[in-house]
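Student: Can you walk me through this one? I'd like to start with the two protein chains and then move to the DNA.

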Number of protein chains: 2
Amino acid sequence: MKPVAKRVGRPRSFDRVAALEAAMVLFWRHGFEGVSIGDLTKAMSINSPSLYAAFGSKNALYDEALSHYLFLLNEELGNAFSQGLPVAVAMQMTLTSLAVALTREDMPPGCMIGAGSLRCGPNGRDAAERTANLRKAMQAQLVTSLGNAKALGELSDDTDVPSLAAYFATVVEGLSIQAQDGAGRAELLSVCAIAMRAWPI
Amino acid sequence: MKPVAKRVGRPRSFDRVAALEAAMVLFWRHGFEGVSIGDLTKAMSINSPSLYAAFGSKNALYDEALSHYLFLLNEELGNAFSQGLPVAVAMQMTLTSLAVALTREDMPPGCMIGAGSLRCGPNGRDAAERTANLRKAMQAQLVTSLGNAKALGELSDDTDVPSLAAYFATVVEGLSIQAQDGAGRAELLSVCAIAMRAWPI
DNA sequence: AATATTATTTATCGATCGATACAAAATTGT
DNA sequence: ACAATTTTGTATCGATCGATAAATAATATT
């Protein structure tokens, strides 16, 4: 049995994941430019040298917080499109789960990706670009899922898959703004139900 | 004939409206926190004391830029709901005009209100709140327009007007994020067409 | 021409920004 | 016990933040 590799030197005295999640919540709620190193160190209960030693820079910390958020969100949403369900049902389920996720009382409202760090100055340009890339990746994933459904005959041959994916991406991003502005869970679920009426055929 | 009131003192040497529009474009593109006084004075071609004398503060300048943006947007969109058209047609026209407005090549992409200054730190809290209030006002206006249509029998008695208004507000806000992320005019128009398929009955 | 009023330019204010230098403390390897 | 390595707390860096003081310039009023 190989012994557990023990890192030489003084051990870290804080929980790196807990600190990362504290930073995630701050970035989630206030955006990249709305959070200062001082805000972060206070919420993470560490001093700035520890932050830089553990995470590198404010930009790198935002990156890691964003990735962690995406991981948690995927865990909460699951992937309804890979379970053999009718694609319209999978879409409805995904929207419903999202409406719930966007209105959790123990977390900031809205989506860190869908409505996060939208507009930034020069300091936040990289963070905004990486966040936008995740939005585009989610939309590309929708194109794939809907394209698969079309290939299986679940959508008619004349379905414009990229436009349909863009429509649902639009709805998802709009839901995130609605949640951020204080819309409740019931309201978001009503919007999802109406949005599904645009489903083809 | 009353003579033109001449203000005493040295006259302002710059065009106040032109300076305001330069500030508007900056805030529009980068959000409240993404723009510094230095950025503003450079774009407005004035020094900071002139900015403060003419507009009061960064917050007041943002306020005025936001109001000016709203004025210009209303001018561009018109009010299709007050022209006796079928309400579905008015909605379609409004969405189409919006898709065009969000993708003007001579202006920043997206909407300064729909996706502006969403998340902010303590410095930008007021700006974010005022922007959010305009979003809510637009949604309230939608409730009124759709409610009027329902009263006129254009929408069935069981139509959930607040939810339908929330749906279209969601679409509008999502369109703004799509535009900001680089979606073209054709893509937005396709999304609008799909969104209208959710229209009741 | 003299005075009052406002705008402009230059220079700078204290506060905060993201990021680090440095030495003491805590661990592993020898 | 001692050296090597890493983290910690304190203190602070230069840059930039939003905002302003002071002196000068340009206008209207008298």
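Tutor: First a term: copies are superposed by least squares on the C-alpha atoms of residues with pLDDT of at least 70 in both. This is a predicted model, where local features need pLDDT of at least 70, side-chain atom pairs count only at pLDDT 80 or more, and totals for chains, interfaces and linings use all residues. Residues are numbered from 1 along each chain as its sequence is written, and chains are lettered from A and ligands numbered from 1 in the order in which they are written.

Student: OK, what turn lays chain B on chain A?

Tutor: A turn of 180° with a shift of 0.0 Å along the axis, giving an RMSD of 0.0 Å. The two copies are therefore related as by a two-fold rotation axis.

Student: Now the DNA. How many residues surround DNA strand D?

Tutor: 26, counting a residue as near if its C-beta atom, placed from the backbone, lies within 6 Å of the strand. The closest are Gly9(A), Arg10(A), Ser50(A), Arg10(B) and Ser36(B).

Student: Which element gives the largest share of that surface near DNA strand D?

Tutor: α3(A), with four residues. Helices here are DSSP runs (H or I, at least four residues), numbered from the N terminus.

Student: And DNA strand C, which residues come nearest?

Tutor: Arg10(A), Ser36(A), Gly9(B), Arg10(B) and Ser50(B), out of 27 around DNA strand C. The largest share of the surface near DNA strand C, four residues, is from α3(B).

Definitions and conventions
Helix = DSSP H or I, 4+ residues; strand = E, 2+ residues; numbered from the N terminus.
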